Amino acid sequence: MSLRLDAALDARDVAVSLSLDDGETLAVLGPNGAGKSTVLGMLAGLVRPDRGSATLGDDVLFELPGTWSPPHRRGVALLAQEALLFPHLIVRHNVAFGPRSSGATRSEAGALADEWLRRTATDAFADRRPAELSGGQAQRVAIARALAAEPRLLLLDEPLSALDVAVAADVRGMLSDVLAGRTTVLVTHDALDAYLLADRVAVMHDGRVVEEGPTRRVLERPRHPFTAELSGLTLVRGVRTPDGMRGDDGMLLPGEPVEPVGQGAPVLAAVRPSAVRLTPPGSGSIAAEVTALEPQADLVRVRTDRLDALVPPADVADLRLRVGDPVALTVPPSAVTLYPA
């Protein structure tokens, strides 16, 4: 079921245009306040834009100022960050609620519930109440409940954000199975969700879509600084040189472009911080100044006024780095992806 959205809400300074082919999963990424949840609200019928339109297949969800389809007639299921299960119903009856609300008989709804309990690996606790479930189990049940309603469009609003890392990985694997061939919009701030679950991504910033396209192309060849940050990369703009590129600030980077680019033509470079080496001032190819030191898991992201480096804490200690210190950077060609601007 293809999806088309072109709408604006002035009060939240959101104006978006998105499209999604039948059976595709689109990941909408962006920082808090970018407008991601507003987009889901528009599609679900919970947020009314000031103007615009949205279609799902041949059906008009809204075409303002005239047409507005109410939420229960859209064939859209919205799964929020919290499971929000009915506390007084056992798991099986929670999952059967959607089909029953759509007119299915008790036996039909029960059969659908049992099928989705099996597909989401929640059938073992079908007779429990929500209070007896862990966070990961409850989210699996919420997913089963949304899918048992057989929606034409599934909306997922950061469904893994409230789960710990191990549980999130487990639920993510289950989602990759059940979302196959299902038209879905997934809101997330995690690039890993996009890589593993989405066919395409749209990156939002300040209420606008700043990049959209196939997942790997957008995340590995970013064109907006936020997209690069989301992907853990450093984005550099400049022009093509015989050995790589010259940044707008004069910084020289080595590398071959992934597609033909003429000498002197505008290019972009996505640099992997994990491959950038730090050395004492004067010993590397690029002079820089440390602007921030940010712990990331068991590494430290050393931000400089030129490039970022992701290094072990021991490297920071050996160089006795502090904000404002000079440092030298060495960048191998393998760390740089060059592509047309």
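Contact means heavy atoms within 4.5 Å. The exercises below apply to a predicted model.

**Exercise 1. The packing of H2 and H3**

Determine which residues of H2 meet which residues of H3, and how the two helices are oriented.

*Solution.*

Step 1. On the H2 side, the residues in contact are Val91, Arg92, Val95, Ala96, Pro99 and Arg100. On the H3 side, they are Arg106, Ala109, Leu112, Ala113, Asp114, Trp116 and Leu117.

Step 2. Sorted by class, this contact comprises nine nonpolar and four charged residues, with no polar ones.

Step 3. Helix H3 spans residues 106-119, and its axis lies 8 Å from that of H2, at an angle of about 120°. H2 and H3 are therefore oblique to each other.

Step 4. The handedness of the crossing of H2 and H3 is right-handed.

**Exercise 2. The packing of H2 and H4**

Establish the angle at which H2 and H4 pack, and name the residues of their contact.

*Solution.*

Step 1. The axes of H2 and H4 are 7 Å apart, and the packing angle is about 30°.

Step 2. Angles under 35 degrees count as roughly parallel. H2 is therefore roughly parallel to H4.

Step 3. The crossing of H2 with H4 is right-handed.

Step 4. H2 contributes Val91, Asn94, Val95 and Pro99 to the contact, while H4 contributes Val141, Ala144, Arg145 and Ala148.

Step 5. Six of these residues are nonpolar, one is polar and one is charged.

**Exercise 3. The packing of H4 and H5**

Describe how H4 and H5 cross, and list the residues through which they touch.

*Solution.*

Step 1. Helix H5 consists of residues 165-178, and the axes of H4 and H5 come within 10 Å, crossing at roughly 15°. This angle makes H4 roughly parallel to H5.

Step 2. The two helices H4 and H5 cross in a right-handed manner.

Step 3. From H4, the contact takes Gly136, Arg140, Ile143 and Leu147. From H5, the contact takes Val167, Asp170, Val171, Met174, Leu175 and Val178.

Step 4. The class count for the contact of H4 with H5 is seven nonpolar, one polar and two charged residues.

**Exercise 4. The largest pocket**

State how much space the largest pocket holds, and which parts of the structure line it.

*Solution.*

Step 1. The largest pocket holds about 680 Å³ of space.

Step 2. Its lining is made by 24 residues, and those nearest the centre of the pocket are Val76, Ala77, Leu78, Gly98 and Ala149.

Step 3. Strand E7 (76-79), helix H2 (91-101) and helix H4 (135-148) are the elements that give two or more residues to this lining. The largest share, four residues, is that of E7.

Step 4. By class, the lining contains 16 nonpolar, five polar and three charged residues.

**Exercise 5. Two backbone features in loops**

Locate Pro65 and Ala297, and explain what distinguishes the backbone at each.

*Solution.*

Step 1. As a general rule, most peptide bonds are trans, and most residues other than glycine have a negative phi.

Step 2. The peptide bond between Leu64 and Pro65 is cis, with omega at about 15°. Pro65 belongs to the loop that lies between strand E5 (59-64) and strand E6 (67-68).

Step 3. Ala297, a residue other than glycine, has a positive phi, near 55°. The position of Ala297 is in the loop between strand E17 (286-296) and strand E18 (299-304).

Note on methods. Residues are numbered from 1 along each chain as its sequence is written. This is a predicted model: local features need pLDDT of at least 70, side-chain atom pairs count only at pLDDT 80 or more; totals for chains, interfaces and linings use all residues. Side-chain values use heavy atoms; hydrogens and water are left out. On a 1 Å grid over the protein atoms alone, a cavity is a set of points where a 1.4 Å probe fits but cannot get out, and a pocket is an open set with protein on both sides within 12 Å along at least five of seven lines; lining residues have an atom within 4 Å of a point. Grid points are joined across faces, edges and corners, and a volume is the space filled by probe spheres set on the points. Ala, Val, Leu, Ile, Met, Phe, Trp, Tyr, Cys and Pro count as nonpolar, Asp, Glu, Lys and Arg as charged, and the others, Gly among them, as polar. Axes are lines fitted to C-alpha atoms, for helices over the stretch in contact, and angles run from 0 to 180 degrees between N-to-C directions. Angles under 35 degrees count as roughly parallel, over 145 as roughly antiparallel, 65 to 115 as roughly perpendicular and the rest as oblique. A crossing is left-handed if the near helix is turned anticlockwise from the far one by less than a right angle, and right-handed if clockwise.
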